[in-house]
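Open the model in your viewer and keep a selection box handy. This tour goes from one stop to the next, with a suggestion of what to pick each time.

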Amino acid sequence: MEAISYKLPVFEGPLDLLLYLVQKNKLNIYDIPIAEVLEQYMDTIRQMQEFDMEVATEFLDMAARLVQIKSVMLLPKHEEETEQLRRELTGDLIEYQLCRRIAQQLGTMHIGFDIFVRDEENVTPDYTYRRQHPPYVLCEAYLRAAGRGRRRLPPSPNAFRGIVSRKIVSVASRIAYVLQNLYRSKTVSYRSLFTESRTRSEMVATFLALLELIKVKRITVDGEGDAVKVSMIPGASTELPTEVEME
């Protein structure tokens with residue numbers, strides 16, 4: 001092997017130094033003589049130290065790795081372990097060599113944002129859904145989608161049935177109802193006027209009818225609690241008051 005030159009290049013790392021020694025001595029990267037390379041590797045590190053060059057820890061780690069391979073080779077039964085260590089070292093060197101080669105190629109290129117442009121391709125889209133889902137996931141998704149669809153539709157007639165289809169009870173009709181009860185009996189129980197009311201609208205209309213009859217002085221309401229009585233004022237007309245319009 002050639003003697004190492006004292007004009008030391010600057011190495012980027014231990015693999016850079018090791019690859020430099022392999023190429024300088026024209027060695028087969030797949031069959032590196034570990035003992036000879038280790039000797040030159042250590043000589044280079046000593047020269048770097050003599051020239052006050054900073055020797056990073058990674059250079060010393062590589063030296064320890066080479067020493068380990070050499071030590072294993074001296075053992076009586078070392079073939080398998082040595083071969084494994086040599087393959088790992090060779091793989092690292094080949095990978096580093098490829099990376100450095102690509103870096104050199106990229107270094108000669110003027111890379112910009114418009115360098116790598118891919119031409120437009122006519123690709124037929126494939127809309128086939130190939131994912132697999134458990135049945136309960138599909139069921140939940142369908143129910144959520146169906147619920148959203150229903151919320152976008154206009155309300156059904158059933159939604160307004162309780163509003164528009166409810167029977168309208170006029171105050172005038174309940175006035176007639178109260179006067180009819182008082183025509184048969186001049187005094188009736190206040191509670192009895194509400195017992196036949198089937199809906200809330202009838203009850204409200206009946207209450208408003210009583211207020212209207214009190215206002216026009218046709219009836220009086222006296223008593224407390226369950227003893228409240230509604231009486232016709234003597235001489236009052238049983239006709240409907242003209243102020244109330246029949247609906």
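Is K217 buried or exposed? Select K217 and turn on a surface: K217 is exposed, with a relative accessible area of 64%. You will find K217 in the loop between helix 9 (200–215) and strand 2 (219–222). Now check the backbone there: K217 has a positive phi of about 60°, although K217 is not a glycine. Most residues other than glycine have a negative phi. Keep in mind throughout that this is a predicted model.

**Zoom out to the whole chain**

Switch to a cartoon view. The protein has nine helices and three strands, and from the N terminus on the elements run α-α-α-α-α-α-α-β-α-α-β-β. Colour by accessibility, and 28% of the 247 residues count as buried. If you have a contact map to hand, look away from the diagonal: of the contacts with a separation of 6 or more, 58% are between residues 24 or more positions apart.

**Helix 1 against helix 2**

Next, select residues 14–24 and 34–50, which are helix 1 and helix 2. Two packed helices are described by the angle between their axes and the distance between the axes. Here the axes come within 10 Å and cross at roughly 125°. Angles over 145 degrees count as roughly antiparallel and those from 65 to 115 as roughly perpendicular, and helix 1 and helix 2 are therefore oblique to each other. The crossing of helix 1 with helix 2 is right-handed.

Show side chains for the contact. From helix 1, pick P14, L17, L18 and L21; they meet V37, Q40, Y41 and T44 of helix 2. By class, this contact of helix 1 with helix 2 holds six nonpolar residues, two polar ones and no charged ones.

**Helix 2 against helix 3**

Keep helix 2 and add residues 57–73, which form helix 3. The axes of helix 2 and helix 3 come within 10 Å, with a crossing angle of roughly 155°. That makes helix 2 roughly antiparallel to helix 3. The crossing of this pair, helix 2 and helix 3, is left-handed.

On the helix 2 side of the contact, select I34, A35, L38, Y41, M42 and I45; on the helix 3 side, select F59, L60, M62, A63, L66, V67, I69, K70 and M73. How many residues in the contact of helix 2 with helix 3 are charged? There is one charged residue, alongside 14 nonpolar and no polar ones.

Pause on L60, which is found in helix 3. At 44% relative accessibility, L60 counts as partly exposed. Draw a distance from its C-alpha to that of I45: L60 and I45 are 15 residues apart in sequence and 8.4 Å apart in space.

**Helix 3 against helix 4**

Now bring in residues 79–107, helix 4. The axes of helix 3 and helix 4 come within 9 Å and cross at roughly 150°. Helix 3 is therefore roughly antiparallel to helix 4. Helix 3 passes helix 4 in a left-handed crossing.

Which residues make the contact of helix 3 with helix 4? Helix 3 brings M62, R65, L66, Q68, I69, V72 and M73, while helix 4 brings E81, T82, L85, R86, E88, L89 and D92. Coloured by class, the contact of helix 3 with helix 4 shows seven nonpolar, two polar and five charged residues.

Stay with helix 3 and hide what is not buried: F59, M62, A63, L66, I69 and V72 are buried. Their cover includes helix 1, helix 2 and helix 4.

**Along helix 4**

For a ruler check, click the end C-alpha atoms of helix 4. At 1.5 Å a residue, its 29 residues should span 42 Å, and the end C-alpha atoms are 42 Å apart, which agrees.

The buried residues of helix 4 are T82, L85, R86, L89, T90, L93 and Y96. Bring back the neighbours, and the cover over them includes helix 1, helix 2 and helix 3.

Your last selection is T90, in helix 4. T90 is buried, with a relative accessible area of 11%. Leaving aside residues up to four places away in sequence, T90 touches I29 and Y30.

Definitions and conventions
Residues numbered from 1 in each chain as written. Predicted model: local features only at pLDDT ≥ 70, side-chain atom pairs only at ≥ 80, totals over all residues. Heavy atoms only, no water. Helix = DSSP H or I, 4+ residues; strand = E, 2+ residues; numbered from the N terminus. Expected span 1.5 Å × (residues − 1). Buried < 20%, exposed > 50% of the residue type's maximum accessible area, 1.4 Å probe, protein only. Contact = heavy atoms within 4.5 Å. Axes fitted to C-alpha atoms, helices over the stretch in contact; angles between N-to-C directions. Parallel < 35°, antiparallel > 145°, perpendicular 65-115°, else oblique. Left-handed = near helix turned anticlockwise from the far one by under 90°. Nonpolar A, V, L, I, M, F, W, Y, C, P; charged D, E, K, R; others polar.
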